[in-house]
Amino acid sequence: MKPKGAAVQNNPHTTLITSTAPVAPHTHGGRAKCLQRLVRLEMPVPRTVALSFDAVQRIAEGQIPDLAAILEQFEPTALLCVRPSSEDPDWGGPGAVLNIGMNEARFAELSNSMGDELAAAMYLRFVQSYAIHVARLDADVFDEIDEDGVAGLKRTLHAYEDETDEVFPEDRGEQLIGVLRSMARAWDGTSARLLRQAKGAPADAGLGLVIQEMIPGVGQGECGSGVLQLVDPTTGMPQITGRYLSQSQGRDALGEDVSALYLEKDPRGPSLEEVAPNAFADLKSQAALMREKLREEMQVEFVIQNGNVHILDGVRVQRTSRAAMRIAVRLAEDGIIPPQEAVMRVDPHALNELLHRQVHPEAERDVLTTAIGASPGASTGKIVFTAAEAQASAARGEACVLVRRETSPEDVRGMHAAVAVLTEKGGMTSHAAVIGRGLGLPCIVGASEMRFQTKKKMLTTPDGRVFKTGDVLTIDGSSGQVLAGQPEMLEAALDDCFQTLMGWADAERDIEIRANADTPADAQTARNFQAQGIGLCRTEHMFFDPGRLIVMREMIFAQTSSGRAAVLERLLPMQRDDFVQLFRIMEGQPVCIRLFDPPLHEFLPTTRGGQRELAEALDLPVSDVERRVSAMTEYNPMLGLRGVRLGVTVPEIYDMQARAIFEATLEARKNGAPVVPEVMIPLVSAKREVELVKSRIDSVAAAVAAEKGQEFEYRLGVMVETPRACLRAEEIAPNTAFLSFGTNDLTQMTYGLSRDDAGRFMSAYVRRGVFTEDPFHVLDADGVGELLKLGSERGRAAQPDVTLSVCGEHGGNPESIAICRDLGFDYVSCSPFRVPVARLAAAQLAISSRLGG
């Protein structure tokens with residue numbers, strides 16, 4: 001090769017890639033930097049020139065670089081290719097253009113060495129690419145050209161001349177400038193800018209370009225091109241995958257009508273390992289070296305010429321979330337990266353793909369509508385429209401999808417029986433969403449574009465298709481897509497690799513993670529995911545069992561305090577057994593039990609048929625039942641007679657629950673670990689409310705201790721979910737051992753938003769920039785976060801050792817956990833299936849904090 005001038009090598013904006021060239025990701029892009037690393041590893045990389053972000057920007061503005069200095073780096077007959085080099089490879093860029101320098105003379109030379117057909121295919125590919133991307137011709141111009149080889153090439157060149165009134169350029173420099181200019185300007189286009197911003201790129205992100213000598217890949221020995229990687233991109237398991245197209249013996253370089261040579265031995269055809277064993281061994285060795293030195297699983301782009309390997313590029317293997325986790329863990333186990341870095345490499349949000357079944361990434365999707373994915377995972381089942389039908393389907397062993405306008409506590413048993421839930425109304429903290437996440441049940445809410453005719457048991461899609469009871473739907477709660485039929489699925493991946501990553505995360509984090517669990521099944525799930533206790537047990541869900549519901553209704557109809565207490569005596573052993581199970585499952589870990597919270601009207605039937613059945617069960621006139629239901633109706637029940645207000649006005653309920661908790665405490669510790677229950681008073685807004693309830697609970701505790709002849713400890717706290725409770729925390733805290741912020745209702749009351757109805761317009765609000773995020777999904781740092789700050793500061797000022805926590809659904813959101821950690825909270829609590837997400841997010845926050853990030 002002739003001596004190269006120094007013009008390019010000394011130019012920081014137009015740089016020959018050598019081991020010492022001034023190349024960096026923030027100036028020349030990730031691809032240019034990766035190629036330099038490969039050069040430093042002494043890999044057989046073809047000669048490459050990198051153009052900086054500034055150089056490309058100047059090209060877009062019409063300033064041409066020193067073309068002679070660039071071309072001087074390559075042999076006069078060498079074909080070139082140009083590829084994009086953005087700072088982050090995931091941001092993408094214009095498509096690569098290959099075979100720059102093809103002209104009539106070069107075509108004639110290649111025809112002599114590789115044959116007319118292969119040379120014509122290379123020339124044709126370049127002409128069409130140049131025509132579309134540089135000359136801006138419509139691809140349809142070439143649709144009528146159905147010939148291959150030399151005939152097809154001639155017709156394509158004539159079509160180019162007819163459309164442009166110009167002869168196709170023969171000069172390599174002219175071709176190169178045209179390609180560089182088109183790629184530079186494409187990066188500045190509106191659609192390209194929006195696309196990369198959607199991938200997380202800043203608006204002013206720069207683009208670099210790399211100009212690389214092409215290896216012909218033709219000769220007497222084995223020749224071809226392909227890509228190779230050492231892992232399965234779907235699972236992350238060690239496996240050599242990729243593709244290879246041979247150009248030997250006159251095979252088509254484009255791979256059209258040609259069978260690919262398989263990388264490893266395969267009964268379907270010859271493999272690269274068989275036809276070129278030395279090249280195959282070299283490729284595996286190069287890929288392994290990249291993995292070790294670049295500290296990442298890389299896809300190797302290569303060309304083989306006469307049996308010799310040339311490395312064109314190395315790019316990070318595209319991967320699913322489960323593959324990303326396995327790759328990070330394997331790199332750490334092999335000593336290539338430290339465990340802390342493996343923890344940082346896994347996106348906490350992406351763990352949902354590991355915890356639940358998912359639609360296979362390559363499966364075909366018949367999308368009926370897209371709404372709010374409120375609980376991740378995917379499941380397929382037959383449509384049912386009532387909780388009773390769901391229970392019947394489960395009894396028959398049939399998977400079903402429960403379709404409701406919106407769910408209520410009465411639907412919980414049906415949700416337990418279903419494999420997925422779809423609702424017309426609701427948002428991220430609606431009833432269906434919260435219960436779905438707690439059960440690990442795929443759930444989509446707010447599907448208002450579909451027509452729900454639940455009485456007719458029909459569901460009509462936006463495109464007019466009708467689905468009825470028994471038709472099959474797939475609910476993808478991760479994407480929010482409702483799918484027709486049954487696509488291929490990927491199963492959950494909670495294997496040893498997952499457990500290893502979680503162990504490393506737990507070693508790093510500095511805030512505890514508990515789970516919201518209402519049933520023994522929830523508690524067992526929490527234990528399986530290594531939650532550090534139960535941060536919220538909603539006791540009201542225990543009363544919707546049919547055998548308990550009628551007792552609750554009898555209590556509601558009782559006329560006196562003694563009458564209510566007598567009825568509740570029948571619930572006491574049931575509630576006590578519930579708590580014994582929870583305590584034993586948690587094996588001495590803390591269990592925070594929220595006393596009864598919902599308004600009593602939720603336990604009464606709303607239909608005339610249901611009211612008649614209740615009248616018959618209670619041996620009352622229907623008119624009495626109707627009057628009682630009417631009398632208990634509230635205009636705004638979520639702000640009415642519920643929570644602590646019930647505890648003050650109908651104290652018998654809390655008396656029974658406190659007794660059940662304390663008796664269960666003594667029972668559970670007989671053959672198990674010591675139990676110190678945490679009793680939580682909901683919806684507090686005034687100091688006096690806490691004093692009244694605390695007095696009664698203390699009295700019940702004293703009575704149980706005296707009756708059983710055993711002392712026990714318990715902790716009393718409040719659920720801070722009203723703005724006033726935050727503002728008056730210094731008055732409330734001295735009467736409590738803990739303040740647990742219920743951010744679902746706190747967000748609702750702070751914004752004046754219904755958490756059940758906000759889903760109807762929340763997407764529009766976020767899209768139009770009213771809110772940056774759905775405040776029921778990501779904790780509002782400015783408003784609700786300010787209340788948390790005030791409440792925690794004032795609470796600790798009055799009682800320094802008070803425990804602080806969040807038990808709303810925000811507790812499982814990584815961005816929200818960051819706020820809680822910054823405020824010095826002791827723990828967050830979330831749905832059981834979000835516990836691993838919270839554990840990983842908390843670990844990453846701790847690691848970033850230590851690194852000063």
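**Notebook: helix packing, a sheet and two cores**

I began with a helix pair: H3 and H8 are roughly perpendicular to each other, because angles of 65 to 115 degrees count as such. I was working on a predicted model, so I kept that in mind throughout.

The numbers behind that first entry: helix H3 (residues 53-60) packs on helix H8 (residues 172-187) at about 100°, and their axes are 8 Å apart. Next I looked up who meets whom. On the H3 side I found Val 56, Ile 59 and Ala 60; on the H8 side, Leu 180, Arg 181, Ala 184 and Arg 185. Sorted by class, this contact has five nonpolar, two charged and no polar residues.

Then I turned to the sheet. I noted four strands in an open sheet, ordered S7-S6-S8-S9, with antiparallel pairing. Strand S7 (238-246) and strand S9 (308-316) are the edges, each pairing on one side only. From one strand to the next, the twist averages 20°.

Which strand pairs with S6 over five bridges? I found S8 (residues 298-305), antiparallel to S6 (residues 224-231). Within that pairing, Gly 226 has Phe 302 as its bridge partner. I also spotted helix H11 (residues 277-294) lying across S6, S7, S8 and S9, at about 35° to S9.

Last, the cores. The largest nonpolar core has 122 residues. Among those with the most contacts inside it are Phe 579, Phe 662, Phe 741 and Leu 600. I followed Leu 600 further: beyond its neighbours within four places in sequence, its contacts include Met 552, Ile 556, Met 632 and Leu 646. A second, separate core holds 52 residues, including Leu 80, Phe 126, Phe 142 and Ile 145.

How values were computed
Residues are numbered from 1 along each chain as its sequence is written. This is a predicted model: local features need pLDDT of at least 70, side-chain atom pairs count only at pLDDT 80 or more; totals for chains, interfaces and linings use all residues. Side-chain values use heavy atoms; hydrogens and water are left out. Two strands pair if DSSP finds at least two bridges between them. Helices (H or I, at least four residues) and strands (E, at least two) are DSSP runs, numbered from the N terminus. Axes are lines fitted to C-alpha atoms, for helices over the stretch in contact, and angles run from 0 to 180 degrees between N-to-C directions. Contact means heavy atoms within 4.5 Å. A nonpolar core is a set of buried Ala, Val, Leu, Ile, Met, Phe, Trp, Tyr and Cys residues joined through side-chain atoms within 4.5 Å. Buried means under 20% relative accessible area, exposed over 50%, partly exposed in between (1.4 Å probe, protein chains only). Angles under 35 degrees count as roughly parallel, over 145 as roughly antiparallel, 65 to 115 as roughly perpendicular and the rest as oblique. Ala, Val, Leu, Ile, Met, Phe, Trp, Tyr, Cys and Pro count as nonpolar, Asp, Glu, Lys and Arg as charged, and the others, Gly among them, as polar.
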